[in-house]
Structures are given as structure tokens and as C-alpha cells.
Amino acid sequence: MPKRLLAASGIAAYLFLYLPLVIVVAYSFNDSRLNAEWVGFTWRWYKALFEDDAMLKAAGNSLFIALTASFAATVLGTMAGYALHRYRLRLLPVLIMAPLAIPEILVGVSLLIFFVAVNLTLGLLSITLSHIAFCIGFVAIVVRSRLAGMDESLPEAARDLGASPWQAFRLVTFPLIAPGILAGALLAFTLSIDDFVITFFTAGVGASTLPLQIYSMIKIAVTPEVNAVSTLLMLLTLFLIVIASRISPDSVRGK
Amino acid sequence: MALLELRNIVRSFGDFAAVDGVSMMIESGEFFTLLGPSGCGKTTLLRMIAGFDAPQSGEILLDGKDLVATPPEKRPIHTVFQSYALFPHMTVAQNIAFPLRMRKIGKAEINERVKEALDDVRLSDRGGRFPGELSGGQRQRVALARALVSRPRLLLLDEPLAALDMKLREQMQLELINLQKEVGITFIYVTHDQTEALALSHRIAVMNGGKVEQLDEPSKIYDCPRNRFVADFIGTCNLIEAKVTVAGEEKMVLEIDGLGEVTARNPGGELTGSKGVLALRPEKIKIGQQIALESGENRFRGKVHDFLYMGDVTVYIVEVGEGVHIEALLPNSAAGRPRIFAAGDPVEISWRYDAGVFLND
């Protein structure tokens, strides 16, 4: 009996988590304007999506921001993660990790005030800078945990056998933490591409991203087109998360 | 000139003096061991020789030149790490090639020397494998091959056998001795295992609390420990509190509480009246039902307090006098031994006056 109860509550929990998503996906294929009843299967909303200029522009912006921000955050976050591991400074972890814990809305507001204060026109650049800022910490954490799992004596052995500090990093440390760096990059990409709150505050009037575009569309009504774009966004992030979790745990041979 | 000379090396971490004024000379071709309990400073000393750490004061001279300012990659010294530190993302052959690559040696020569090195450690068919696919003993041999392939002046070994099981460890000890003889490179070996140190080394430095307690050949360390710590740390030893009553030229008389007078060798010096311990190895004590007293021997009657049957030998703890316990060792193959004594059996023990060493406090 308790076993059955456990199974039932488990199923209920999964339904609670995934049913809304399943509905969104299902209605994106529904041949009706209303999210009310199932009429029939159609690709119509996806077609409409690819003919919607505003949507395509937003998608282009999102991709550009996510690629640029995740790249920059990966470089900076890796350096931060290395520093966190290497030097036992008391303030450094706090400075790098704090942005992860501060409410997003606060980060958004403060970035907005900051950009206005330094006279930066809000747009693609301000969004990208904001995304870099909040992604660094996540990359740093992933890279640091990878470094923590590495045998300390490996880079020492490299030095001992004649490698300069840079060679030891390039030939030994870097290849060993590369999976962590890649996982951090993918994480940063997914965080950037579906960020709403911080983007909302730092976007200004000109630039729009996919999440902002979806939001502006549902202000009128939740159309099947929204369902379709949400489905695509979901697929993309899901795909990236799966890859990230695949490479992250000890994929290096001989571990 | 000594190959490596340490002059008054000091290294402390905060208030803790890890290495506290160590000086020693290591000769070319030597198998030299730093032996001591954990925290005695032996690993810190090794790391300073390798270049991963620097002394706060003192000099490290290789061929008479101070090394302290030289980074590890510029020192002709390689290390075999306790964890082996094989690069997991490189094959065995790439691991061994690493120090040669760093020296910008040509591809053809690298291939040749890697092949030779693999042959030397009997791993010719494992060059393409990754370290994770090898057994512990094989990894150990790869680590040795990698550290030796570029012919360093000095090889440092940091408890390299600690991770192996006992059978394999004994086999690797023999391999190490042969390897060292073959390549002729000076080894500095760090271990806390005294049997390993005795078996492998030409000379041993016994360390404790950041200082060298005794530096000598293994047999000297074992037979003539210089103080209580060395006697206690190396092997098993009876340490009996004693006081010198009469010191002669060759012999002296010790007074032991609860036992009485014992004759011992006079190590030299004016010792009358001084206190210390008589250090007596269990295997130098004879034990039997009745022992004929020979000249120059101490003999006492007592009873077996306890015994440990070890297979090859039996260790007896014999109570003599009033509450003095002395450990004696009897090989189980000893001719004419009628039986193993049991607890409570009356026995006699004896030892020659020069079997033990008196250590002045």
C-alpha cells in the first residue's frame, strides 16, 4: 500500500511539472485559434512563425546575445573559476557568487540605473553586457568544481617534467577541465537565451528578444503561435542541457 | 663534492616549523631515504628540493650551485608522486614522451627513447593504453619510466609504493633497487615505512619534528640508534628505563627499577650517574626453559606474560623482576625447541652485555 501511494504521488508530481508543458506543445499543433479544444493537427503556427518578421528578428537577437554573452562569460568565468580554485581569497568567492543569489529583479533594476548613469543607449549591447555579468558566476562554479575534482599533483608533475606554468596549463590543466568549461558555456547559453527579467529592464525600446517577444504577444492573448515558439525554445534548451549533463561528469578517459 | 647539499633549511607554516634547520649531503649514485612519521617534514623537504616550495632560509646546492631561485621546470630533478600523477588524457607513450617534448627533442628520437623506456619497464605492449586502463603496479612503472626517460640528475620518490598491496610492494622494492643500480641515478626516497627504508637504502635520514634525528646506514640505524626516538621508531625495541651506577672502560653497570643490576656496553663518555633507557631488540634476547649462563651475559628468570604467534616467529612478552616486561623473539624453526611457551610458563631470558644500547637522556 505505501509503495502504491509513493508511486501515485510520484506520478502526480511529474504531472504537475510536465502537464503544462505538454499542453503548450500539444496546442502548438492544434488547428484552431483557441487553446480550448483539440480540432486537428497542423504545422500552420510554425509556418506563421517563420513568416513573422518581428519574431524572426527577436530570435536573431536572442541567438546573437546568447552566443556572444556565453562566449565572453565562458572566458571570464573560466578565469574566475581558476582563481577561485587557485587562491584561497576570502572575498573573491562572495564577489563572484553573490550575483547568483541576488534577486534577478534587483540585478535588472541596478543594471538599468547603471547603464543610464554611464549614458549607454539601451539595446543589444546593454542586454549582452548584462547577460555576460550574470553568466560569469555560473561558469565559474562549474569550472571550479571540475578543478576541485582534479588531482593537484597533475599540473605539478607537468612543471616537474619541464613544462613552464603556461605549458602546464595548456597541456594538462586545460584539457582536463575542458568538459567543465564546455558545460559552463552551454549553461550560460541556455540561461541567456531564455532570460526574461534582466533582459526586460536592460532592453530599452529598440531591441527585443524571444522571451520579450512572447511576453508582448501574450499581453493580447495566448495564441498558438506563442505555443509554437515556446515549444521550439524549450526543445533548444532541453537539447543543450542534455548535452551539458552528458559531458560534465567524468567524460575524460582513464578517470 | 656531494651531488646535493642542504644547508640549514628552515620552512615554517605559521607557527609550525615543518623543517627546522636541516643539513645533509647526498652523494652521487646514492639511494637515500628520508624516513619519519607523518608531519616530520620529509615531504616538505622533498617539495623544496623539487622546487614546489622554497625554504625561508638555507641553501639547496646541486653540484655546488644554489637552486632556490630556479623554478621546478629548470631543475634537472624529477619526481615520482605518491598518486603517480599520470596525465589521464594522454596515452602511456604520450606520458613518457612528455618530458622529452618539453626539452624540444626531435620526434624520431622521442619515439625511440619512449620505446626503450617502455621496454625497460616491460610495458612495450601498453604504449597505446590510457593510464586508467592499467593496474596499480603498471602505473607505478609508467611513472618511473616517465621520470627517468630524460635522465635527471636526481630522482625524488614520494612514498611511491604506499598505494600498492603488500605482495606487490615487495616485488616493486626489488625492482626499484635493481632499477637504481642499472640507471645509476641518485634516488631520494620518502617513506614512513621503516622496513621499506631499511630494505632499499644506502643511507637513511630519520626525521622527527622537522629535524634529522640520525643519518646513517640502515644497519647502523637499526643496531646503534642514537636516541630514544630512533630506537622506538625503527623496528620493535624494548626501552627499559635505567640509571648508570658504575661506568667502566668497556662495560658499565645499570640499575633498573624492579629488576636490579644489568651489565651493558659503555658507549663512551662520562656516564656515571646519568639516566636513560636501555634499548634492546627482541631478537637479541634468548629465551628458554633453562639457559646456561655464558660470560658477559645478563640472565633473568621470569614467566611468560603473553605471546603472539606470528607464523615464522613467536613474540613473547616476559615478566621479569617486579613488573618489568621484556619482549623476546623466538623463531619457530629454532632447533631443539620443544614447544611454544604458554602464558604463565616459567622461562629464563638472557642477552649479551653488548646486545643493547644505553641511550642517555
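## A look at chain B

Leaving aside residues up to four places away in sequence, B:Glu30 touches B:Gln180, B:Ile185, B:Thr186, B:Phe187, B:His202 and B:Arg203. Keep in mind that this is a predicted model. Where does B:Glu30 sit in chain B? Its place is the loop between β2 (16-26) and β3 (31-35) of chain B. Is B:Glu30 buried or exposed? With a relative accessible area of 8%, B:Glu30 counts as buried, because that value falls under the 20% cut-off.

Now let's step back to the whole chain. Chain B has 361 residues, and buried ones make up 50% of them. You'll find eight helices and 20 strands here. Measured out along its principal axes, the C-alpha trace spans about 75 × 45 × 35 Å. If you take the contacts in chain B with a separation of 6 or more, 66% of them are between residues 24 or more positions apart.Next, the domains. The domain assignment splits chain B into domain 1 (4-231) and domain 2 (236-359). Taken over C-alpha atoms, the centres of these two domains of chain B are 39 Å apart. Nine residues from domain 1 of chain B and 11 residues from domain 2 of chain B take part in the contact.

Here is the meeting of the two domains in brief.

| Between domain 1 and domain 2 of chain B | Value |
|---|---|
| Buried area | about 790 Å² |
| Share of that area from carbon and sulfur atoms | 49% |
| Salt bridges | two salt bridges |
| Polar contacts (both residues at pLDDT 80 or more) | four residue pairs |

Which elements give two or more residues to the side of domain 1 of chain B that touches domain 2 of chain B? They are α7 (218-223) and α8 (228-233) of chain B. The largest share of that side, three residues, comes from α7(B). Sorted by class, the side of domain 1 of chain B that touches domain 2 of chain B holds five nonpolar, one polar and three charged residues.

A few residues are worth finding by name. For the salt bridges, have a look at B:Lys284 and B:Asp223, whose side chains meet in one at 3.1 Å, N to O. As for area, the size of an interface is often given as the accessible area lost when the parts come together. Which three residues supply more than any other three of the area that domain 1 of chain B buries against domain 2 of chain B? That trio is B:Tyr222, B:Arg228 and B:Ala231, and together they supply 68% of it.

Note on methods. Residues numbered from 1 in each chain as written. Chains lettered and ligands numbered in written order. Predicted model: local features only at pLDDT ≥ 70, side-chain atom pairs only at ≥ 80, totals over all residues. Heavy atoms only, no water. Domains from an automatic or database assignment. Contact = heavy atoms within 4.5 Å. Buried area = accessible area lost by both parts, 1.4 Å probe. Salt bridge = Lys/Arg side-chain N within 4 Å of Asp/Glu carboxyl O. Polar contact = N/O pair within 3.5 Å; in protein donor to acceptor, adjacent residues only side chain to side chain. Helix = DSSP H or I, 4+ residues; strand = E, 2+ residues; numbered from the N terminus. Nonpolar A, V, L, I, M, F, W, Y, C, P; charged D, E, K, R; others polar. Buried < 20%, exposed > 50% of the residue type's maximum accessible area, 1.4 Å probe, protein only.
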